[in-house]
Amino acid sequence: MAKSNDQKVLSTLWSAGCGSHGGCGCEIFVKNGKVTKVEGDCNHPWNQGRLCAKGLAIREYIYHPDRVLYPLKRVGKRGEGKWERITWDEAYDTIEKKLKDIREKHGAESVIFCQGTGRDIGGPITFLMYAYGSPNWVQVGLAGHACYTPRLGAMFATHGNYTVADCSQFLEKRYNSKEWTPPKYIIIWAQNPAAGCHDGFYGHWIIDCMKRGSKLITIDPRSTWFSTRSEVHLQNRPGTDGAIALGMLNVIINEGIYDKKFVEKWCYGFSELKKRVQEYSPEKVEKISGVPANLLRKAARLYAKNKPSAIQWGEPVDAMPAGSVVAQAITQLWSITGNIDVPGGNVIAKNSHGVTTYPFSSAELTDLYGADLVKRLNEKRIGANDYPMIKNFRGWVQPDVLIKQMETGKPYPVKAAWIQTSNILGGQAADPKRHYEAMKKLDFIVAVDLFQNPTTMALADIFLPAATIAEKESFRTWWQPLGVSVKAIKGLGAVKSDWEINLEMAKRLSTTPIKYKNVREVIDERLSAGKTNFEKLKAKGCWEFPPKNDPSRPYYRYERGLLRKDGKPGFDTPTGKVELYATKYKEWGLDPLPYYEEPKESPVATKNLAKEYPLILTTGRRSPVFFHSEHRMIPWLRELDPVPVAEINDEVAESLGIKNGDWVYVENTHGKIKMKAKASPICPPEVVSVPHGWWLPETDGTAPNLFSTWDHNVNNLTSMGNQGKSGFGGTNYRSGLCRVYKVEGGKE
Amino acid sequence: MAKNGLLIQYDWCTGCHACEVACKQEHNFPVGMCGIKVNELVSKAPDKVYVDYTVAVTRFCDLCAERVKGKDVPACVKHCQATCIKYGPLAALVKEQEKQPRTSLFAPK
């Protein structure tokens, strides 16, 4: 129990420990150099004192006996689990020599820099990658790059900026801000906001809005706490969200309930869109999605007629057969209803003070590293030349192209991997066995992490121990406010922060001199764009909103000339308008208008297969106490979600002889995994819902078991190579076919 | 002195489990023991499936006796992400309950 005389350090959470996309202000209590407690900071506008289960368990994360605290080198074969403690100097010397040799022989592009989504990783990993000279920044195995990037790309193409549901998060006084009004309706589209802070959005802001009058429309195949409290629940067949969006556009346009003034003045391509959506009558959408036409009409009318209203969407949108197309159709909903950059609508989200901590787009990379470098590196970036949207929108590698290239060595071989914040085999990658086989053959692999996991055990040659949030300095914008993370305690053992490791490594590997003496200099230089620095922000309680009239402050910026570089009113698109007919998509060789694409594998597309595998597998159900594949070793959290659970409709379960709590196999053409069955009407009859990222840290970590990842990781049932035409989306994370049957004897 | 308790507006409980971990951290409770517990309640009604959460306060709740000596509220009250737990004198909470639908009251031993 923390006593009042403990030292209290204010900080901003952004992993590691809490997992998640972070943003919460916290109080870290310290006594004799040890963290005694972590609580929410009541003065921080983001979370207003609250903290999630993961944040509250950070102490168990920091002091966990399994944490790796010293650099390690592998001394046995890969996967044997034989490690030897080494010094940072030895680790750095080894890495420097290996990576320099590889660069000399095969070129810098033969080294891939792999991240997941935790910690403040986007900044340091691009810093190191560019210093080394590689263009290959990747979330390995993230099929169709189905995590926010398709949605970001669609928004970028449609209105030149990104938007998020407006829950007053861009205003210092939050719900008491005079200029803010709660959304009349919030559409919760394919997400369980209560389970975390997806895409930098604190999920419980929705509840705050509900208490202030916001009503709900939920689009989700499952019944949830939110659908229970919704005026309308569109319970669609998994994978058909594109049809839902097009059907809603059809209703809103044909009934003339869109914002005519806004469309006339600020939108481009309305007549083309109008023509296109005629193909998607509510009756046709009913046939595709299973959602009754009248319910779809009701949802569309409620959303369009009650202004302002907002849409909060989730990752399944990205994983649709044409993720960037489904996302485009949804952006058009808030566009034609004039719900863009208005209070209580979908507000344009810009990084606070214009400070970039985690570069999302090619434009931001260019600002940080220069046009020449980004352009030159683009030439060899894996997948960039196959997909113009990948090449021009964001600096990532296309993961489905990467796996092929790792296997074939064409057009050039991949020789080494720097893996930081990423459990590729245990959670991130689709078809992890395929990635295991391919990556095992790489010459050299470094992993930077806090715990051993299936990936580090299977693949790493050198393990570098990273710091938790309490042990490091960092800075954050995503989106606002501008914040800093303050070091509360000396790092345990020899751990270093990701920024420290990457700066030190960059100094050894860079082909041009690195001017920064230490991490603080990097942070202060980047914060200077916001006319502040680390100490100033720290003194203010770790956060600050942008000054008045800063382009990163809402609202109506398209009227005030705050969105375009030329300072003219309008949107930052080629036509200066919201492009319902996306000229960027056209330029990228894509259909400029949205359309529906059926999942490759479904009861409709593959009828014969559906006879053998009659249920629809939808994966990635979020747990409120875990972040992706993290936290399974944290006792306080694991207690709350002890085993991997497949949800299956209660009546279907009964017909299959499956009882609540039985161990079952979930099987498809790719393989099978073991899950504990939860027979519940939460799932509609045709759907099986399975969480992702399960491995058992308490079991044998060596190969072949690798912490039981092959038994419980649902990604063993997913595959690569299904990407959409844009290179984005088209995975089978959310909609594939499967069957479920009892494990003999009901034992694990 | 008036006796204090907790008013739980469980209709707002989203099942995020923050209260449970806040409680565990505050009291250093081991696995298997907690002052508060969230349970999922699924109802199959004729019109639709309802997903709710109920909150039980256990025998181990001491209303964070140490914490509340200062200005702090109990750890679960502070961290509840749906801000649906209230701490205060039982008499006032009972009055409040008349206005609040679907609430439960916890009075300590």
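Visitor: Before we look at the cavity lining, how are residues sorted into nonpolar, polar and charged?

Guide: In this scheme Asp, Glu, Lys and Arg count as charged, Ala, Val, Leu, Ile, Met, Phe, Trp, Tyr, Cys and Pro count as nonpolar, and the others, Gly among them, are taken as polar. Applied to this predicted model, the lining of the largest cavity divides into 19 polar, eleven nonpolar and six charged residues.

Visitor: How many cavities of 30 Å³ or more does a search of the whole structure find, and which residues lie nearest the centre of the largest cavity?

Guide: Rolling a probe the size of a water molecule over the atoms shows where empty space is left. Here the search finds 13 cavities of 30 Å³ or more, and the largest holds about 600 Å³ of space. Of the 36 residues that line the largest cavity, T117(A), G427(A), Q428(A), H628(A) and S629(A) lie nearest its centre. Domain 1 (72-138 + 359-474 + 492-529) and domain 3 (607-746) of chain A each supply at least three residues to that lining.

Visitor: What does the contact between domain 2 and domain 3 of chain A bury?

Guide: The domain assignment gives domain 2 as 149-352 + 575-587, and the C-alpha centres of domain 2 and domain 3 of chain A lie 29 Å apart. Each of these two domains brings 21 residues to the contact. Together they bury about 1,600 Å², 60% of it on carbon and sulfur atoms; on the domain 2 side, R222(A), P238(A) and A319(A) lose the most area, together 34% of what that side buries.

Visitor: How many salt bridges cross the interface of domain 2 and domain 3 of chain A?

Guide: The rule finds two salt bridges across the interface, alongside six residue pairs in polar contact. In the model, E315(A) forms a salt bridge with R734(A), their closest N and O atoms being 2.4 Å apart.

Methods:
Residues are numbered from 1 along each chain as its sequence is written. Chains are lettered from A and ligands numbered from 1 in the order in which they are written. This is a predicted model: local features need pLDDT of at least 70, side-chain atom pairs count only at pLDDT 80 or more; totals for chains, interfaces and linings use all residues. Side-chain values use heavy atoms; hydrogens and water are left out. On a 1 Å grid over the protein atoms alone, a cavity is a set of points where a 1.4 Å probe fits but cannot get out, and a pocket is an open set with protein on both sides within 12 Å along at least five of seven lines; lining residues have an atom within 4 Å of a point. Grid points are joined across faces, edges and corners, and a volume is the space filled by probe spheres set on the points. Domain bounds come from an automatic or database domain assignment. Contact means heavy atoms within 4.5 Å. Buried area is the accessible area (1.4 Å probe) that two parts lose on being put together, summed over both. A salt bridge is a side-chain nitrogen of Lys or Arg within 4 Å of a carboxyl oxygen of Asp or Glu. A polar contact is a pair of N or O atoms within 3.5 Å; within protein, one must be able to donate a hydrogen and the other to accept it, and residues adjacent in sequence count only if both atoms are side-chain atoms.
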